[in-house]
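Q: Please take me through the packing, the charges and the open spaces of this model, giving the reasoning behind each term that is applied.

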Amino acid sequence: MLADTDAGSVITAAQSGARFGYRLVALQFALIPVLFLVQEMTARLGLATGRGHGALIRQVFGRWSALLSALTLFVACLGALITEFAGVAGAGALAGLPRAVSVGAVAVALVALMLSGGHRRVERVGIAIGALELLFIPADIIARPHLGAVVGGLAHPWSTNGGYLTLVAANVGSTVIPWMVFYQQGAVVDRGRRGRRLRAALRESRWDTVIGAVICQVVTVAILVASAATLGLRNAGASLNDIGDIAAGLAPFLGHTTAVVLFGAGMIGASVLAALVVCLAGAWGMSEVLGWRHSLNDPPRHAAGFYMLVAAGIATGAILVVLVPNLVNLSVGIQVMNACLLPIVLGFLLALERRALPAALRMRGTHRAITYAVTGLVIAFGLYTAVQTLAGPPA
């Protein structure tokens, strides 16, 4: 869940605060139950069936549906990896490191971590790196947001500005992310139940998910509020394409060193953890569709295809960012693309919940009604976003 606040989310939240002040804070809190409901379904499917998302789609709906889901995953993961390594490059630039050095070092370290073997080791290292995101919270405190202005934004969370809906879509797409569905279902399978009964494992997973959803959105709110309290007051509408732009804009308010350290380290945590999760999600999903062995607990010689996919994903994202610098400008657009892909991802998720789970573990009554209503709204919004995107940029 920490990976959900990735480099694209950081830039999107900062842009939201710079352009529209505190108006989008309410959306971040509203997305907490949405994020929980979606990710809890994926965990329940993984624990109950023992299969990852791609494998389960193939089992229930057939090969062509699995290929469609794999194509969706591929597009989402490629866009995400570009964003994550662009974030690494931006954070490295703050420390004076050339793009090739910072991106290359992280890419090599990620591949080495994956090859070291063991889901628990990878998970623990990932959480330790992701904890750097919590540095965004003191940055928010130092920015000293005006409480009355924050409350005003919460009370009036709408704008008629043409770019507002695009940022709403970007924030939805940076919170309910297609690759997170594949990752969490694959992760609970790869982690194993550790000898626990299914009910106990489900309860533990729900707590993991709800705590993760809250932390994820609190970090996002901290970034948005810090940006609104600084850039939103003096440089409204500022172009924030990477972490360098954010740090430079915050420096007059927080101090240069503080802005660089807090946002640079926070971006490293967000980018590196998300890159780890994205490449695993993609490798798990593709390996499931292809019928390959795909566990981090398998040594590389027993799951060569899976580890080759991991390495290829990391290498592709890193090379593209090193060779094509202007890819860093795609961050908000990639989050909008995620929103456009949500109808496919959530459609499969809801269908699997009804068809793949035993009756005792399916949603019922109010839980089912709320989940269907919430995911239905997100799907409808994703379809609307796709139409608007095809129609051209907002006026």
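Q: What makes Leu 280 a contact partner of residues such as Met 114 and Val 122?
A: In this predicted model, contact requires heavy atoms within 4.5 Å, and Leu 280 touches Met 114, Val 122, Tyr 183, Leu 296, Phe 306 and Val 310, with residues up to four places away in sequence left out of the list.

Q: Why is the set with Phe 85, Trp 179, Leu 280 and Phe 306 called a nonpolar core?
A: A nonpolar core joins buried residues of types that include Leu, Phe and Trp through side-chain atoms within 4.5 Å, so these residues belong to such a set. The largest one has 50 residues, and the four named are those with the most contacts inside it. Among the helices that each supply at least two of its residues are helix 2 (25-49), helix 4 (63-94) and helix 14 (304-323), while helix 13 gives the most, with 12 residues.

Q: How do you know that Asp 6 has no salt bridge?
A: A salt bridge needs a side-chain nitrogen of Lys or Arg within 4 Å of a carboxyl oxygen, whereas the nearest side chain of opposite charge to Asp 6, that of Arg 99, is 16 Å away; Asp 6 is nevertheless buried. Asp 6 lies in the segment before helix 1 (7-20), and its contacts beyond four places in sequence are Glu 84, Trp 179, Ala 270 and Ala 274.

Q: What makes Arg 191 and Asp 208 part of the lining of the largest pocket?
A: Lining residues have an atom within 4 Å of a pocket point, and Arg 191 and Asp 208 are among the 24 residues that line this pocket, lying nearest its centre together with Met 1, Glu 123 and Ile 127. The pocket has a volume of about 640 Å³, and helix 11 provides the largest share of its lining, seven residues.

Key
Residues numbered from 1 in each chain as written. Predicted model: local features only at pLDDT ≥ 70, side-chain atom pairs only at ≥ 80, totals over all residues. Heavy atoms only, no water. Buried < 20%, exposed > 50% of the residue type's maximum accessible area, 1.4 Å probe, protein only. Helix = DSSP H or I, 4+ residues; strand = E, 2+ residues; numbered from the N terminus. Lys, Arg positive; Asp, Glu negative; His and termini not counted. 1 Å grid on protein atoms, 1.4 Å probe; cavity = no way out; pocket = protein on both sides within 12 Å on 5 of 7 lines; lining within 4 Å. Points joined across faces, edges and corners; volume = space filled by probe spheres on them.
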